[in-house]
Amino acid sequence: MSEAPVPGPREKVVQRLQEMKIVLDPEIPYQLEKVFPKITGWGSNAEVKRRGKLIRLVEPVLAKMLLPDEEVWYVAKGVQYSLAENYFMGALWAAMMNQTVFVFTNARLLMMRSNSRGKPTEMFWMIYYSEIAHFKSTWTGVLSLKLSDKKTLKFTNFPSLDRKSMPPLFQAALDDYRAHGLTPMASQSKENLCCHCFQVVAKGDYLCNHCGTEYWTPKQLALRSLLFPSWGDICMRHYVMAFIELLGYLISWGIAVAGLVSPNPAEGWFTVAFIFLFEHPIDAIMTYFVASKGLSHRRDAAPDFVAVEAVNPDSASGDDDRDTAAQGSQHADNFR
């Protein structure tokens, strides 16, 4: 009697997911043995359940983002760390606004802003592995991502398993890039992606040439916050943060009015000066800083919008866009 075949790594993960009744989108190509690195041992049930829940939240967007032949290697969620934001906004609010999902694929690193559960919001990025100069986990639990354009991104709150698993994945992807001699063109290391069609919106552009979606510029948002604190956050759909800012702003004016009608109005005038010379500028600066991280949706395409490629198929811009998309698809095919 022949022995039953020993299941491979992927088959073991499939069996584990079936046992836990975790169903993933069959249209999304996962390398399951990489996506679920821990399926046995102490704590494996909670780990598989946690990762499966995160993936299910990301899948509706991920299905639209992936290129042909692009495979998902890993999905994890952390918090982008900024000392300035922690200082001026407070660690709690900065953490709420900087929840970030990482998706490693065989072609690139996808990043998306999310809520605290991991559901994506309207801010997305892409980084080719060739644009990452350094990717490591420090002893303090911080993931440091140094890019070719000299920018450094730091992330915290990744579980220990993710901190250990992601750097080797990056190194494997980078080795593949080097083996194939791949150096995709990019307008900046961390490319902004349109929240509707998920095509690259080049550095300095705030209109998607593919679908016509329009975005706020950081200057437009900062000026609104300078005129009226919380206005910029409302435009960026940071409604909770905008409400807190507005509440604090109204309290400041309440204190100012109470001082102005008191026997000693000097205190009231001091508060008014504080509001205009400190609160307004600080809110504008922080709004500009946050808005500069990505694209903030302003409005959908105008009814008469026509894609750049359709207007002039031979234009340099159109050629570059098609070349970039073709390159990405080819990279994904090369790494299968």
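This section describes the strands, helices, helix contacts and salt bridges of a predicted model.

Residues are numbered from 1 along each chain as its sequence is written, and side-chain values use heavy atoms, with hydrogens and water left out. As the model is predicted, local features need pLDDT of at least 70 and side-chain atom pairs count only at pLDDT 80 or more, whereas totals for chains, interfaces and linings use all residues.

Helices (H or I, at least four residues) and strands (E, at least two) are DSSP runs, numbered from the N terminus. Nine strands make up an open sheet with antiparallel pairing, in the order β5-β6-β7-β1-β2-β3-β4-β8-β9; two strands pair if DSSP finds at least two bridges between them. The edges are occupied by β5 (132–137) and β9 (200–201); each has a single partner strand, so one side of each is left without a neighbour in the sheet. Within the sheet, β1 (residues 72–81) and β2 (residues 99–105) run antiparallel and are joined by seven bridges. Tyr74 has Phe104 of β2 as its bridge partner. At the β5 edge, β5 and β6 pair in the antiparallel sense over five bridges, and Lys136 is partnered by Ser144 of β6. The hairpin of these two strands has five residues between them, and in it Gly141 takes a positive phi near 90°.

Two helices lie across strands of the sheet. Helix α3 (residues 44–65) lies across β1, β2, β3 (109–114), β4 (120–127) and β8 (191–193), and runs at about 100° to β1. Helix α6 (residues 160–180) lies across β1, β2, β5 and β6 (143–147), at about 120° to β1. Axes are lines fitted to C-alpha atoms, for helices over the stretch in contact, and angles run from 0 to 180 degrees between N-to-C directions.

Helix α10 (residues 266–291) packs with helix α7 (residues 218–227), their axes coming within 8 Å and crossing at roughly 160°. The two are therefore roughly antiparallel to each other, a term for angles over 145 degrees. The crossing of α7 with α10 is right-handed, that is, the near helix is turned clockwise from the far one by less than a right angle, with anticlockwise giving a left-handed crossing. Residues in contact (heavy atoms within 4.5 Å) include Leu221 and Leu226 of α7 and Ala284 and Tyr288 of α10. By class, the contact of α7 with α10 comprises nine nonpolar, three polar and two charged residues; Ala, Val, Leu, Ile, Met, Phe, Trp, Tyr, Cys and Pro count as nonpolar, Asp, Glu, Lys and Arg as charged, and the others, Gly among them, as polar.

Helix α9 (residues 239–260) also meets α10, with axes within 7 Å and a crossing of roughly 160°. These helices are therefore roughly antiparallel to each other, but the crossing of α9 and α10 is left-handed. Among the contact residues are Trp253 and Ile255 of α9 and Trp269 and Phe276 of α10. This contact has nine nonpolar, five polar and three charged residues.

The structure holds 10 salt bridges, each defined as a side-chain nitrogen of Lys or Arg within 4 Å of a carboxyl oxygen of Asp or Glu. One salt bridge links Glu19 to Arg16, with the closest N and O atoms 3.7 Å apart. Both residues lie in helix α1 (residues 9–19), three residues apart, about one turn of the helix.

Notes:
Parallel < 35°, antiparallel > 145°, perpendicular 65-115°, else oblique.
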